[in-house]
Amino acid sequence: MAGSGPALAAEQLEVRLDGFALPIDLRQLQAWSRNPSSSRTELGVWLELLDGRSRDDLITLLRSPLLPDRGLALQLLQSWAGRQVLDEVGELLSTDQPGSGSLLLATLRSQLQQPEPFTVIDLLLAVPAPRLSLELDGVLALAQRWRLQLELQGLAFERLRQLPLPIREGDSAPRRLASLNRPSPPRRLQLRVAHRAEPLELELWAAEPPRQRAWVLLMPGLGGSRAQLGWLADGLARRGWSVLLLEHPGSDEKAVRQLLDGQRPPPGAETLPERLADVEAVLAAEAGGGLPRLGGSVVLMGHSLGGLAALLAAGERPVAGLEQRCRQALKGIPLINLSRLLQCQLAQVSLPPPPRRRAELEAVVSMNGFGSLLWPGRGLDDLAAPLLLLGGSLDLVTPPVSEQLGLFLQQRDPRSRLVLVEGGSHFSPVRIANPKEAVLRLGAPLVGQEPLRVQELLLALSADFLFSLESRTQLPSQQRQQDGIRAYVLAPAEAELWSQRIQR
């Protein structure tokens, strides 16, 4: 395939580093990768000087098919996020023609439509430009930026461990109340809504008897399902809060399966208007009799994108100037804060007007939430309810220092709390009943430590927070230890102290 490429095709890759330019003949590199022992070119001689392991790794890399799942790759390239990543790659791997990112995208799309597998060298040889340039200075700067972000997060948690917080062991009062509430199987409900062709599928976990004034509307994250958060709904119902668990078609687990099958592009921020319409329809139906009446006030609670939807449903809207902030934030591929891609996509999305101030809003709870680009400065200081933000030390999707601490410091309500779980990840709240049925297989660094035990601690602290609101008290700042998992509960004063110590 590569040998019969276009008439105008790249033959040379110029690697630039620290003012030097090293030209690499792509045909020689391809010949060496196919048969290193018989390559007698100058490049082949130099590559044979590599140590054995490095040489074998390079050969494997150069021989391996690039993007073997063609349907998935094509859908990713058609997405807004995929185009942003390719534009940034185009800044590092460029041609002597304008619009390198678009040129690479067009070439990659063309290669994916061919029946034969192709390697990275095949792709480079197919680019319709005589010369390619790889800016290793930019690659190293990007790697350095990623390393510094990881070091900052590690340093921040070292400072967090040093805060003078009282230590508490195990669960507290809400768990003792669990024995007073017998478990009840969830009820499946359907709600016809004007903005969708099919009814919304809901799951009601009713507290029997309900011992709390408020009820909880619980929303999964992007690609999530009701089943993944059933553990949380069940635990809150046992403690006295009725929970209505909502699934959003178009950004749920089914949508991810369709993406992996190459049937649709990845869902993203464009799904938020429908998510918000779902929330409004459910709240109106609960208040108006279309659904069982559950309580006098509501807690909007969600994981990841569901947590962002909870803040938007509470009436918050992005602060003006998002596009300008994103131009700076997306300089470099944000692999250690993927939420920035979603936040910046929101600049292209028309959100509905904010609802009127909700007198019935009891609280907002966001697990692994985000919004640093949406609400800089004091953008959340008018939130008309206490806020609970929960994050984890291993979260590389919505890092707690950059995505949760800043949002929390904007809060004026003294009842708001920030919770950081040691060893928790972005996916800690997601429970998979049968791991063999998981849509995506994640490695240990993304899953985090002991997900079931982390989930029990998240449940205990969420219940403590809601219980404090019901009893008109304030959840104490503390270091909570439960089943070998540790979490830090910060009031605004402690969060401010933590922020100051990070900046030293």
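Strand 1 (residues 12-17) and strand 4 (residues 131-135) pair in the parallel sense over 5 bridges, where two strands count as paired if DSSP finds at least two bridges between them. Within this pairing, Q12 has R131 of strand 4 as its bridge partner. The model is a predicted one, in which local features need pLDDT of at least 70 and side-chain atom pairs count only at pLDDT 80 or more, while totals for chains, interfaces and linings use all residues. Residues are numbered from 1 along each chain as its sequence is written, and side-chain values use heavy atoms, with hydrogens and water left out. Helices (H or I, at least four residues) and strands (E, at least two) are DSSP runs, numbered from the N terminus.

The two strands belong to an open sheet of 4 strands, which has the order 2-1-4-3 and mixed pairing. Its edges are formed by strand 2 (20-25) and strand 3 (93-95), each of which pairs on one side only, and from one strand to the next the twist averages 25°. Helix 1 (residues 26-34) lies across strand 1 and strand 2, and runs at about 60° to strand 2; such axes are lines fitted to C-alpha atoms, for helices over the stretch in contact (heavy atoms within 4.5 Å), and the angles run from 0 to 180 degrees between N-to-C directions.

Two helices can be described by how far they are covered, with buried meaning under 20% relative accessible area, exposed over 50% and partly exposed in between (1.4 Å probe, protein chains only).

| Helix | Buried residues | Residue that follows, with positive phi |
|---|---|---|
| Helix 10 (residues 230-238) | 8 of 9 | G240, near 110° |
| Helix 18 (residues 451-470) | 14 of 20 | R472, about 55° |

In helix 10, the buried residues include W231, L232, D234 and L236. Among the elements that cover the buried residues of helix 10 are strand 7 (200-205), strand 9 (243-246), strand 11 (361-367) and helix 18. For helix 18, a rise of 1.5 Å a residue gives an expected span of 28 Å for its 20 residues, and this agrees with its end C-alpha atoms, which are 28 Å apart; the expected span is 1.5 Å times one less than the number of residues.

Strand 8 (residues 214-219) contains W215, and this tryptophan counts as buried at 2% relative accessibility. Leaving aside neighbours within four places in sequence, the contacts of W215 include S242, L244, L283, E286 and V299. The C-alpha atoms of W215 and R293 are separated by 9.7 Å, although the two residues are 78 residues apart along the chain.

The structure holds 1 aromatic pair. The ring centres of F157 and W498 are 6.0 Å apart and their planes stand at 75°, so the pair is edge-to-face; rings of Phe, Tyr and Trp (its six-membered ring) pair if their centres lie within 6.5 Å, and planes under 30 degrees apart count as stacked, over 60 as edge-to-face and the rest as tilted. The pair links F157 in helix 8 (residues 136-161) with W498 in helix 19 (residues 492-502), 341 residues apart. F157 is buried at a relative accessible area of 2%, and W498 is buried at 0%.

A search of the whole structure finds 1 disulfide, defined as a pair of cysteine sulfur atoms within 2.5 Å. This disulfide joins C326 to C344, with an S to S distance of 2.1 Å, and is left-handed, with -100° about the S-S bond. Because C326 lies in helix 14 (residues 322-329) and C344 in helix 15 (residues 339-345), the pair ties together parts that are 18 residues apart in sequence. Both C326 and C344 are buried.
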